[in-house]
Amino acid sequence: MEQVGFVKRVINDKAELEVKRASGCGNCNGCAGGCEVKSHYVVLKNRLDAKVGDFVELKGEPKSILKYMFILYMIPFIFLVAGILIGDSYFKSNGYASYELLSFASGMVSLFISFFIVKIIDKRIAKSNKETIVMTRIL
């Protein structure tokens with residue numbers, strides 16, 4: 001994955017970059033949607049000694065990015081489905097009249113719990129100092 005970032009600030013050995021997110025439609029002007037492209041800000045180690053105002057090429061390791069995307073999306077999904085299925089089995093076997101609603105509620109509770117688990121995993125990844133995205137060159 002390669003993108004271009006604009007250096008907004010340099011703080012010690014790190015650089016804050018503004019990266020334009022890729023639009024889903026590709027800005028073809030085929031519709032009247034306008035497709036506003038929002039910026040995303042990231043802070044990376046400044047190994048290139050980039051200065052404020054420089055454009056830099058960013059490169060990400062696809063394997064790591066896919067792993068992080070799996071953690072971000074699949075863990076909550078798995079918790080949601082597991083919570084619904086376990087709640088459905090429990091509430092149905094205990095004779096609750098509105099077991100569907102209760103199983104949905106148990107799924108939502110487990111989804112809420114999964115967000116804390118993802119946050120803990122995210123903090124561990126941040127502490128590991130493994131760089132997923134790096135600046136490769138100044139443009």
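Me: Before we start, what makes a residue buried, exposed or partly exposed?

Reply: Buried means under 20% relative accessible area, exposed means over 50%, and partly exposed is what lies in between. Keep in mind that this is a predicted model.

Me: Fine. Why is Arg 9 called partly exposed?

Reply: Arg 9 has a relative accessible area of 46%. Partly exposed is the range between the 20% and 50% cut-offs, so the label fits Arg 9.

Me: And what makes Arg 9 and Glu 16 a salt bridge?

Reply: Their closest N and O atoms are 2.8 Å apart. The cut-off is within 4 Å, for a side-chain nitrogen of Lys or Arg and a carboxyl oxygen of Asp or Glu, so the pair qualifies. As for the partner, Glu 16 comes out at 16% relative accessibility, which is under 20%, so Glu 16 is buried.

Me: How many salt bridges are there in the whole structure?

Reply: A search finds six. One of them joins Glu 18 and Lys 8 through their side chains, with 3.7 Å from N to O. Glu 18 sits in strand 2 (residues 14-20) and Lys 8 in strand 1 (residues 2-11), 10 residues apart.

Me: Why is Glu 18 called buried, and what is Lys 8 called?

Reply: Glu 18 has 17% relative accessibility, under the 20% limit, so Glu 18 counts as buried. Lys 8 has 36%, in between the two cut-offs, so Lys 8 is partly exposed.

Me: What makes Glu 57 and Arg 137 a salt bridge?

Reply: The closest N and O atoms are 3.3 Å apart, and the requirement is within 4 Å. This pair links distant parts of the chain: Glu 57 is in strand 4 (residues 55-60), Arg 137 is in strand 5 (residues 133-138), and 80 residues separate them. Glu 57 has a relative accessible area of 16%, under 20%, so Glu 57 is buried. Arg 137, at 45%, falls in between, so Arg 137 is partly exposed.

Me: What is the pattern of helices and strands along the sequence?

Reply: Reading along the chain you get β-β-β-β-α-α-β, that is, two helices and five strands.

Me: Is Ser 103, over in helix 2, buried or exposed?

Reply: Ser 103, in helix 2 (residues 99-127), has a relative accessible area of 4%, under the 20% cut-off, so Ser 103 is buried. Leaving aside residues up to four places away in sequence, Ser 103 touches Gly 83, Ile 84, Gly 87, Asp 88 and Phe 91.

Me: Why is Asn 12 called exposed?

Reply: Asn 12 has a relative accessible area of 76%, over the 50% mark, so exposed is the right word. Asn 12 lies in the loop between strand 1 and strand 2.

Me: What stands out in the phi of Asn 12?

Reply: Phi is positive there, about 55 degrees, although Asn 12 is not a glycine. Most residues other than glycine have a negative phi. Asp 49 also has a positive phi, near 55 degrees, and is likewise not a glycine. Asp 49 belongs to the loop between strand 3 (39-45) and strand 4.

Me: And for the chain overall, how much counts as buried?

Reply: Of its 139 residues, 22% count as buried. The chain exposes about 10000 Å², with carbon and sulfur atoms supplying 63% of that area. As for contacts with a separation of 6 or more, residues 24 or more positions apart account for 69% of them.

Conventions
Residues are numbered from 1 along each chain as its sequence is written. This is a predicted model: local features need pLDDT of at least 70, side-chain atom pairs count only at pLDDT 80 or more; totals for chains, interfaces and linings use all residues. Side-chain values use heavy atoms; hydrogens and water are left out. Helices (H or I, at least four residues) and strands (E, at least two) are DSSP runs, numbered from the N terminus. Buried means under 20% relative accessible area, exposed over 50%, partly exposed in between (1.4 Å probe, protein chains only). Contact means heavy atoms within 4.5 Å. Accessible areas come from the Shrake-Rupley method with a 1.4 Å probe; for residues, only the protein chains shown count as cover.
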